[in-house]
Amino acid sequence: MKNKMILFLGLFLATSVSVLAQSETISPARKQAIDSLALEKVKDLSKYVSIIGSKETQFSEANRVMDRAEELFSPGAEMGVSSINTNEIAYYKIRRYFERLMALNYDRVNITWYDIQYISDLERQPDGRYVGVVTVYQRFEGTSIETGMTYKDTTKKDITIYVEKKQTQIAGRTIEFWDVMLGDVRVTETSA
């Protein structure tokens with residue numbers, strides 16, 4: 001009888017927690033604020049990529065910006081890299097991607113992101129997080145002065161967006177808030 005009671009209590013608690021987690025939805029006003037925050041973080045990433053990739057950026061400044069850029073991402077996130085010279089797409093952990101970007105063998109590098117927009121609405125996941133996708137177009141131009149060679153491409157990238165409820169302590173009180181983290185950045189197409 002005692003085992004049945006413990007089993008019943010365990011099932012009741014599991015069901016209650018599941019229902020509670022699923023019943024928490026994001027209001028339209030909160031969703032709009034989250035969407036704005038997600039797009040702002042993607043725009044910040046765009047600036048950071050441009051700074052890290054620029055050959056005019058001092059090494060110490062590039063490292064500082066890499067640290068800031070890494071904070072935008074969820075742990076384990078990867079960035080896709082492609083080229084018009086091959087059909088392969090390589091994926092690197094975020095820090096490694098930035099290190100490789102900084103070390104590109106060009107005298108001048110110009111990277112711009114444009115047409116940043118949501119392509120999928122936020123959808124609730126079983127774990128309580130919300131997931132969406134933002135798409136961007138990246139224009140890359142690298143120039144070697146010595147050889148006179150210029151490489152250019154445009155890459156469409158899809159960035160996974162994670163939204164989850166977090167907690168922080170402020171003046172001894174626990175405050176809950178929705179946070180946005182960037183996930184994997186997948187290459188969907190590359191053209192000249």
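These notebook entries record what I looked up in a predicted model of one protein.

**Entry 1. Overall layout**

I began with the secondary structure and found four helices and six strands. Read from the N terminus, the elements follow the order α-α-α-β-β-α-β-β-β-β. I then looked up burial: of the 192 residues in the protein, 34% are buried. For the surface I noted an exposed area of about 11,800 Å², of which carbon and sulfur atoms supply 52%. Among contacts with a separation of 6 or more, 62% join residues that are 24 or more positions apart.

**Entry 2. The largest nonpolar core**

I next asked which residues touch the most other members of the largest nonpolar core. That core has 36 residues, and the ones I listed are Leu 45, Phe 73, Phe 98, Ile 161 and Val 163. Two or more residues come from each of helix H2 (28–53), helix H3 (59–70), helix H4 (94–102), strand S3 (108–124), strand S4 (130–143), strand S5 (150–170) and strand S6 (173–191). With seven residues, H2 gives the most to this core.

I followed Ile 161 further and set aside residues up to four places away in sequence. Its contacts include Ala 38 and Val 42, as well as Tyr 118. Ile 161 also touches Tyr 130, Val 131, Gly 132 and Val 134, together with Val 180, Met 181 and Leu 182.

**Entry 3. H2 against H4**

Two packed helices are described by the angle between their axes and the distance between the axes. I therefore looked up both values for H2 and H4: the angle is about 45 degrees, and the axes are 8 Å apart. This angle makes H2 oblique to H4. On the H2 side, the contact involves Leu 45, Val 49, Ile 52 and Gly 53. These residues meet Tyr 97, Phe 98, Leu 101 and Met 102 of H4. I recorded the classes as seven nonpolar residues, one polar and no charged ones.

**Entry 4. Two residues with positive phi**

Most residues other than glycine have a negative phi. I noted Asp 115, which is not a glycine and has a positive phi near 55 degrees. Asp 115 is placed in strand S3. Is Asp 115 exposed or partly exposed? Its relative accessibility is 41%, so I entered Asp 115 as partly exposed.

Ala 171 likewise is not a glycine, and its phi is positive at about 50 degrees. I located Ala 171 in the loop between S5 and S6. Since its relative accessible area is 79%, over the 50% cut-off, Ala 171 counts as exposed.

**Entry 5. Asn 110**

I returned to strand S3 for Asn 110. With a relative accessible area of 43%, Asn 110 is partly exposed. Apart from residues up to four places away in sequence, Asn 110 touches Arg 139, Phe 140 and Glu 141. I also looked up its separation from Lys 55: the two are 55 residues apart in sequence and 8.9 Å apart in space, C-alpha to C-alpha.

**Entry 6. Ser 74**

My last entry concerns Ser 74, in the loop between H3 and strand S1 (78–83). Is Ser 74 buried or exposed? Ser 74 is buried, because its relative accessible area of 14% falls under the 20% cut-off. Which residues does Ser 74 contact, leaving aside neighbours within four places in sequence? I found Tyr 162, Met 181, Leu 182 and Gly 183.

Conventions
Residues numbered from 1 in each chain as written. Predicted model: local features only at pLDDT ≥ 70, side-chain atom pairs only at ≥ 80, totals over all residues. Heavy atoms only, no water. Core = buried A, V, L, I, M, F, W, Y, C linked by side-chain atoms within 4.5 Å. Buried < 20%, exposed > 50% of the residue type's maximum accessible area, 1.4 Å probe, protein only. Contact = heavy atoms within 4.5 Å. Areas by Shrake-Rupley, 256 points an atom, 1.4 Å probe, with all protein chains shown as cover. Axes fitted to C-alpha atoms, helices over the stretch in contact; angles between N-to-C directions. Parallel < 35°, antiparallel > 145°, perpendicular 65-115°, else oblique. Nonpolar A, V, L, I, M, F, W, Y, C, P; charged D, E, K, R; others polar.
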